[in-house]
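Hi everyone, thanks for making time for this. Please have the sequence and the 3D view open while I talk, and stop me whenever you like.

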Amino acid sequence: MLARPEYRKALVFCGLIGIPVALIAFWFLVALNRLERLIWTDWPRHLGHEHAPWWWALPLLTVAGLIVGLVAARLQGRGGHVPAGGLHAGGITRKALPGVLIAALVALPLGAVLGPEAPLIAMGTGLALLFARLARAPETEASTALLGAAGAAAAVSALFGNPIVGAVLLMEVAGVGGPQLFAVMLPALLASGVGDLVFTGFVRWTGLATGSLDIGLPKPPPLDWADVLWVPVLAPAVALFIHWLFVGGRFAARFVATGTVRGTTLCALGAALCITLYAVSTGRSPAEAALSGESALSHLAQDPHAWPVGALIAVLAFKGLAYALCLGSLRGGPVFPSLFLGGAAGVLLAPLPGLGLVPAMAVGMAAAVTAALRLPVSSVVLVVLLLGNVDTVALVVLASVVSFVLAQRLPEGPHIPAISETSADRAAGPQAPRR
């Protein structure tokens with residue numbers, strides 16, 4: 001294939017497209033971060049509050065639900081994919097870009113319990129196709145798929161700060177290799193995790209050395225068998241929790257489909273009520289139960305003792321319910337809220353006999369994000385990258401495999417109905433079929 005001139009040209013063009021897509025993705029993320037800080041930190045302080053008051057989410061998410069509902073009902077592309085359906089790499093055209101950008105820039109800073117990864121994938125795909133049209137590149141089915149995947153990978157890599165995560169995630173999302181990909185990859189992933197555990201155990205047992213890639217960075221306490229034995233207990237529990245939140249999200253999506261603007265607004269208001277109940281019951285900031293949880297996860301990992309048991313239980317309950325409602329109504333990605341909920345579950349369960357904080361968070365995060373995405377390899381790579389701790393890789397792999405197998409065996413809930421065709425879609429004519 002590399003010998004074909006058209007493929008080499010496409011390879012160069014994909015590399016060039018990655019430059020403007022990554023730059024736009026960077027400024028998109030900067031805008032989201034600044035808006036979130038302005039709305040949830042600066043404005044409450046200007047009003048004399050130490051943090052956002054308990055009622056803060058009610059007007060914000062009501063406005064978000066109304067605007068996203070109008071975007072879904074009126075603009076082409078419906079603002080992007082419904083998050084309860086997972087991540088998608090196809091089905092977005094360049095004409096859908098305005099709706100995707102508006103829905104994300106409104107919903108995410110105003111408190112939607114979703115992350116920016118799905119809008120970034122949609123934005124990267126649409127921008128790549130837009131630049132290809134401006135450059136008058138040939139538009140075939142193969143070239144469109146290739147350029148769309150390249151643009152999406154460039155955009156999502158800007159979020160995770162790692163090209164490997166972007167490439168692996170898009171490979172799994174796009175379904176390259178079909179069902180055989182998981183049939184081959186899952187046993188290999190499981191065997192590698194078990195092999196790592198056995199190898200590590202023999203090294204510690206015998207005291208013999210086989211050579212190492214260790215460059216001397218400080219390490220946390222080594223894993224022991226208690227950490228491993230807790231995996232088949234914790235991973236299914238966290239996976240079940242996240243799975244049923246997605247089932248709830250699918251019911252919310254079906255409710256929204258009966259009346260897009262009304263349903264989206266009511267679901268957003270319901271999420272705001274959950275966030276408000278968290279703030280009232282704990283006396284803490286509602287921002288902890290709102291938003292994606294990306295920054296809250298960092299605070300949780302750095303200072304877990306600042307979260308009493310009651311606050312952890314409350315955030316799992318109320319943020320979980322708000323997450324389910326947002327999955328079915330607003331626009332965004334499912335990754336970071338699931339990571340936060342898995343991390344919070346890990347912190348809550350870390351005092352169990354023989355279990356430590358780092359292993360518990362590793363298992364919780366891996367099980368949660370795998371149950372949310374159904375992408376085991378991407379989940380492992382992402383959690384290992386976030387933890388920055390190679391000693392927990394085996395636990396992450398085992399938790400991810402257990403979570404994936406369990407989630408695949410459980411009922412998915414109602415099918416997410418397609419949102420009724422908008423006037424913009426009818427005017428644009430038929431679209432390319434979804435991948």
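Let me start with a question for you: is leucine 32 buried or exposed? Take a moment to find the residue in helix α1, which covers residues 5-46. Leucine 32 turns out to be buried, because its relative accessible area is 8%, and the cut-off for buried is under 20%. What does leucine 32 touch, once we set aside neighbours up to four places away in sequence? The contacts are Ala104, Leu105, Leu108, Pro109 and Pro116. If you draw a line from the C-alpha of leucine 32 to the C-alpha of valine 106, you get 9.2 Å, for two residues 74 apart along the chain.

Before I go further, please keep in mind that this is a predicted model. Now the overall picture. The chain has 16 helices and 0 strands. Of its 435 residues, 50% are buried. Take the contacts between residues at least 6 apart in sequence: 80% of them join residues that are at least 24 apart.

Next, the core. In soluble globular proteins, nonpolar side chains tend to be buried together. Here, the largest nonpolar core has 112 residues. The residues with the most contacts inside that core are Trp40, Ile242, Tyr323, Leu330, Leu339 and Phe340. Which helix gives the most to this core? That would be helix α13, residues 357-373, with 12 residues. Let's pick out isoleucine 242 for a moment: leaving aside residues up to four places away in sequence, its partners are Leu341, Ala368, Ala371 and Ala372.

On to helix packing, with two pairs to show you. Two packed helices are described by the angle between their axes and the distance between the axes. For helix α2 (residues 57-74) and helix α9 (residues 260-282), the axes come within 7 Å and cross at roughly 155°. So α2 and α9 are roughly antiparallel to each other, since an angle over 145 degrees counts that way. Their crossing is right-handed. On the α2 side, the contact includes Leu58, Leu61, Gly65 and Gly69, and on the α9 side it includes Val261, Ala268, Ala272 and Ile275. How do the residues of this contact of α2 with α9 divide by class? There are 15 nonpolar, 7 polar and no charged residues.

The second pair is helix α10 (residues 294-302) with helix α12 (residues 335-349), whose axes come within 9 Å and cross at roughly 20°. That makes α10 roughly parallel to α12, because the angle is under 35 degrees. In this pair, α10 passes α12 in a left-handed crossing. From α10, the contact uses Glu294, Ala296, Leu297 and Leu300; from α12, it uses Phe336, Leu339, Phe340, Gly343, Ala344 and Val347. By class, these contact residues are 8 nonpolar, 1 polar and 1 charged. You may remember Leu339 and Phe340 from the list of residues with the most contacts inside the core.

Now two small residues. Alanine 290 sits in the loop between α9 and α10. Is alanine 290 buried or exposed? Buried, because its relative accessible area is 1%. Apart from residues up to four places away in sequence, alanine 290 touches Trp40, Gly111, Val113, Ile275 and Lys319. Its C-alpha is separated by 9.6 Å from that of leucine 61, although the two are 229 residues apart along the chain.

The other is glycine 328, in helix α11, residues 309-329. Glycine 328 is buried as well, with a relative accessible area of 3%. What lies 4.0 Å away, C-alpha to C-alpha? Alanine 253, which is 75 residues from glycine 328 in sequence. Setting aside neighbours up to four places away, glycine 328 is in contact with Val82, Ala84, Gly249, Ala252, Ala253 and Val256.

Last stop: two arginines. Arginine 78 is in the loop between α2 and α3, and its phi is near 60°, a positive value in a residue other than glycine. At 17% relative accessibility, arginine 78 counts as buried. Arginine 374, in the loop between α13 and α14, also has phi near 60°. Its relative accessible area is 19%, so arginine 374 is buried, given that the cut-off is under 20%.

That's my tour. Happy to rotate the view for anyone who wants another look!

How values were computed. Residues numbered from 1 in each chain as written. Predicted model: local features only at pLDDT ≥ 70, side-chain atom pairs only at ≥ 80, totals over all residues. Heavy atoms only, no water. Core = buried A, V, L, I, M, F, W, Y, C linked by side-chain atoms within 4.5 Å. Buried < 20%, exposed > 50% of the residue type's maximum accessible area, 1.4 Å probe, protein only. Helix = DSSP H or I, 4+ residues; strand = E, 2+ residues; numbered from the N terminus. Contact = heavy atoms within 4.5 Å. Axes fitted to C-alpha atoms, helices over the stretch in contact; angles between N-to-C directions. Parallel < 35°, antiparallel > 145°, perpendicular 65-115°, else oblique. Left-handed = near helix turned anticlockwise from the far one by under 90°. Nonpolar A, V, L, I, M, F, W, Y, C, P; charged D, E, K, R; others polar.
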